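Reader: Before I ask about pockets and charged pairs, could you put the model in front of us?

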Amino acid sequence: MLDGEPSPKERIGARRKEAVRLLSLSAISRDSYQAFWDQLGIPYFLRTDASDIAWHTRVFARHAASTTPRVQSRLSPFGVGFQVAVYLPDQEDLFARLCGYFDSSGLSVLDARVHTTAAGYALDSFLVIDPFQSVSYRDRLGLVETGLQERLAAKAPLPPLVDARSSRRSRSFPIKPQVEIKPYEKADSFLLSILATIGPACSTGLRWCWPSTGSR
């Protein structure tokens, strides 16, 4: 750690403090979500910004012990695509099922963050785009929430991948796949980074983190 750079403990403290402030603006008391936060663990707070912490808390804390899959989406605060967050008891092949749903819906994943709580719940979040944006993102939010929640509740078989030709861009500017895995900060987790062509209209990178004791 460089001199003057905040320690992981300091970064966590600052993010939690800002998330508390954001939640207080919605009149949400800390007592109502403290138990939820206690289950999230250090890796979650290290890699999640305050805005997303507050969002996840608002929509999932009251369902912390529910066995029903919960899906929430919102327009990306970064101005690109939209975010999808999923909370449910962890299950086999969950990440593949989530990516399969996005693929079958014509959506490309720009960023993926995978987390498993101490209570065995998955809290996964994605930044996705429609390469062709045939429908406005605002109109797609409800459709994705309903469709993905129904898919997860039904525990449907993994869907086949969409067969699509590579784009002219990917043929002209090929990207050699790169995969890197390394310990994440000082927490008990790993960071996996992948750089590759992931769809017919775009090439990008994915990063996700998971506990070393997790099943995914």
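Author: Here it is, and please keep in mind that this is a predicted model. By class, the lining of the second largest pocket has six nonpolar, five polar and five charged residues.

Reader: Which element gives the most residues to the lining of the second largest pocket?

Author: The pocket holds about 220 Å³ of space, and 16 residues line it, with Asp-52, Gln-83, Asp-111, Arg-113 and Ser-125 the closest to its centre. Two or more lining residues come from each of helix H3 (42-47), helix H4 (50-60), strand E2 (82-89), strand E3 (108-113) and strand E4 (121-129). With four residues, the element that gives the most is E4.

Reader: With which residue does Asp-52 form a salt bridge?

Author: Asp-52 is among the residues closest to the centre of the second largest pocket, and its relative accessible area of 12% is under the 20% cut-off, so Asp-52 counts as buried. Its partner is also buried, with a relative accessible area of 16%. The pair links distant parts of the chain, helix H4 and strand E1, 22 residues apart. The closest N and O atoms are 2.6 Å apart, and the partner is Arg-74.

Reader: Where do Arg-21 and Glu-18, which form a salt bridge, both lie?

Author: The closest N and O atoms of Arg-21 and Glu-18 are 2.7 Å apart. Arg-21 is partly exposed because its relative accessibility of 41% falls between the limits of 20% and 50%, and Glu-18 is likewise partly exposed, at 29%. The two are three residues apart, about one turn of the helix, and both lie in helix H1 (residues 8-25).

Reader: Are Asp-130 and Arg-140 buried or exposed?

Author: The side chains of Asp-130 and Arg-140 meet in a salt bridge, at 2.9 Å from N to O, and the pair links the loop between E4 and helix H6 (137-154) with helix H6, ten residues apart. Asp-130 has a relative accessible area of 6% and Arg-140 one of 12%. Because buried means under 20%, Asp-130 and Arg-140 both count as buried.

Reader: Is Thr-67 buried or exposed?

Author: Thr-67 lies in the loop between H4 and strand E1 (70-75). Leaving aside residues up to four places away in sequence, Thr-67 touches Pro-89 and Tyr-121, and its C-alpha is 6.2 Å from that of Pro-89, although the two are 22 residues apart in sequence. Even with these contacts, the relative accessibility of Thr-67 is 63%, which is over the 50% cut-off, so Thr-67 counts as exposed.

Technical notes:
Residues numbered from 1 in each chain as written. Predicted model: local features only at pLDDT ≥ 70, side-chain atom pairs only at ≥ 80, totals over all residues. Heavy atoms only, no water. 1 Å grid on protein atoms, 1.4 Å probe; cavity = no way out; pocket = protein on both sides within 12 Å on 5 of 7 lines; lining within 4 Å. Points joined across faces, edges and corners; volume = space filled by probe spheres on them. Nonpolar A, V, L, I, M, F, W, Y, C, P; charged D, E, K, R; others polar. Buried < 20%, exposed > 50% of the residue type's maximum accessible area, 1.4 Å probe, protein only. Contact = heavy atoms within 4.5 Å. Salt bridge = Lys/Arg side-chain N within 4 Å of Asp/Glu carboxyl O.
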